[in-house]
Amino acid sequence: MLAADPETGLTQQQAAQLTNVDCILVLGCQVRSDGTPSHMLEDRLKRGVALYQDGAAPKILMSGDHGTKYYNEVDAMKRYALEAGVPSEDVFMDHAGFSTYESMSRAIRVFEADKILIVTQEYQLYRA
């Protein structure tokens, strides 16, 4: 697994030059009560979409918390990607990404991804 983080991981250019990456995994974060991404999540989404548009991977996996019918990170994440021009068929949603560990495990076991480009911030990178 590879991480795309401007401070500790790959640069945008380095990530776009990778080959055989199965997906870009965007780890979830807070969504506001109106359904819009928090600033931290928006930063991740911008990076994930940019990597996709640069050809780093053919698919994006949005993984986040959807533990209640009133809180849904992954729908907000997919909506953001669609509004940025990513085709719906290239965005997969993991509604059970309640923790970094679960997101990583499910990307491998449920979504059968082998080579994953992880998008997060530095503070979460060690967990990923």
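**Exercise 1. State which elements cover the buried residues of α3, and which residues of the helix these are.**

Solution. The cover over the buried residues of α3 includes β2 (23-27), α2 (39-53), β3 (60-63) and β4 (91-94), as found in this predicted model. Turning to the helix itself, which spans residues 73-83, the buried positions are Glu73, Val74, Ala76, Met77, Lys78, Tyr80 and Ala81.

**Exercise 2. Describe what is found at the N-terminal end of α3 and what follows the helix.**

Solution. Begin at the N-terminal end, where asparagine 72 acts as the cap, with a side-chain oxygen that lies 3.2 Å from the backbone nitrogen of valine 74. Valine 74 is also among the buried residues of α3. Then move past the helix, to glycine 85, which follows α3 and has a positive phi, near 100°.

**Exercise 3. Determine how β3 and β4 are joined, and what handedness the unit they make with α3 has.**

Solution. Consider the pairing to begin with: β3 and β4 run parallel and are joined by four bridges. As an example of a bridge pair, leucine 61 has phenylalanine 92 of β4 as its partner. Next, add the helix, for β3, α3 and β4 together form a β-α-β unit that is right-handed.

**Exercise 4. Place this unit in the whole protein by giving the number and order of the elements, and then characterise burial, contacts and surface.**

Solution. Five helices and five strands are present, and, read from the N terminus, their order is β-α-β-α-β-α-β-α-β-α. Of the 128 residues, 46% count as buried. Among contacts with a separation of 6 or more, 71% are between residues 24 or more positions apart. As for the surface, the protein exposes about 6,700 Å², of which carbon and sulfur atoms supply 50%.

**Exercise 5. Explain why cysteine 23 and cysteine 29 count as buried, and give the number of disulfides.**

Solution. The cut-off needed here is a relative accessible area under 20%. Cysteine 23 counts as buried because its relative accessibility is 6%, and cysteine 29 is likewise buried because its relative accessible area is 13%. For the disulfides, a pair of cysteine sulfur atoms would have to lie within 2.5 Å, and by this rule the count is zero.

**Exercise 6. Locate glutamate 112, describe its phi, and decide whether the residue is buried or exposed.**

Solution. Glutamate 112 sits in the loop between α4 (100-109) and β5 (116-119). Although this residue is not a glycine, its phi is positive, at about 55°. Since exposed means over 50% relative accessible area, glutamate 112, at 66% relative accessibility, counts as exposed.

Conventions: Residues numbered from 1 in each chain as written. Predicted model: local features only at pLDDT ≥ 70, side-chain atom pairs only at ≥ 80, totals over all residues. Heavy atoms only, no water. Buried < 20%, exposed > 50% of the residue type's maximum accessible area, 1.4 Å probe, protein only. Helix = DSSP H or I, 4+ residues; strand = E, 2+ residues; numbered from the N terminus. Contact = heavy atoms within 4.5 Å. Polar contact = N/O pair within 3.5 Å; in protein donor to acceptor, adjacent residues only side chain to side chain. Pairing = 2+ DSSP bridges. Right-handed = clockwise from strand over helix to strand, strands pointing away. Areas by Shrake-Rupley, 256 points an atom, 1.4 Å probe, with all protein chains shown as cover.
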